[in-house]
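Me: Hey, I'm new to this one. Can you walk me through it?

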Amino acid sequence: MSEKPPAKAPRSTERLFRIAIALKGLDGALQLVGALILLFVPATVVTGFAHAVITRDLLGDPSGTLARHLELAAEHFAAGGTKTFAVVYLLAHGVVKLGLVWALARKWLRAYPVAMLVLAAFVAYEIYRAIETSSIALPFFAAVDALIIVLVYREYQQLRRERAAA
């Protein structure tokens, strides 16, 4: 009776990769839920919430930069165009992320270059929107996506080496 060789312990980059795609999957699921919530929540609820946060000094000075940013975002959202954009953006992001996470978790070799291209497009768009809207959150998300691109690339290279050696 032959025994199976012991399973290899995952490399640190592989662990980081697994954590990153798990977080991307969670992010994708939250984006889908967020899109559905935004779809059904009236704009007056969003502006009321923003007003409550600002007037209760939860962001510091009500005339400060962060408070003005939130107030402006709520006004744009109430105007309608931002709501449509947010719902479509969150739905598209969520579906694409969940699909890529599913494929990467199954180690489909062809999914890795696609994931890198899609994430690079997200980074480019996040930077563009950050410049256009003066967003303080989008540069952070772009940096996280750039880090995930590096992890996907490293995992892709390792997976290719392992399959070539097999």
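Reply: Here is a short chat about salt bridges and burial. This is a predicted model, where local features need pLDDT of at least 70, side-chain atom pairs count only at pLDDT 80 or more, and totals for chains, interfaces and linings use all residues. Residues are numbered from 1 along each chain as its sequence is written, and side-chain values use heavy atoms, with hydrogens and water left out.

Me: OK, how many salt bridges are there?
Reply: The count comes to 6, taking a salt bridge as a side-chain nitrogen of Lys or Arg within 4 Å of a carboxyl oxygen of Asp or Glu.

Me: What does lysine 97 pair with?
Reply: Its partner is aspartate 27, at 2.4 Å from N to O. Lysine 97 sits in helix α4 and aspartate 27 in helix α1, 70 residues apart. Helices here are DSSP runs (H or I, at least four residues), numbered from the N terminus.

Me: Is lysine 97 buried or exposed?
Reply: Buried, with a relative accessible area of 5%. Aspartate 27 is partly exposed at 26%. Buried means under 20% relative accessible area, exposed over 50%, and partly exposed in between (1.4 Å probe, protein chains only).

Me: And which residues share a network with those two?
Reply: Lys24 and Asp145 join Asp27 and Lys97 in one network, through salt bridges that share partners. Aspartate 145 and lysine 24 meet at 2.3 Å, N to O.

Me: New topic: where is isoleucine 54?
Reply: Isoleucine 54 is in helix α2. Why call it buried? Because its relative accessible area is 8%.

Methods:
Helix = DSSP H or I, 4+ residues; strand = E, 2+ residues; numbered from the N terminus.
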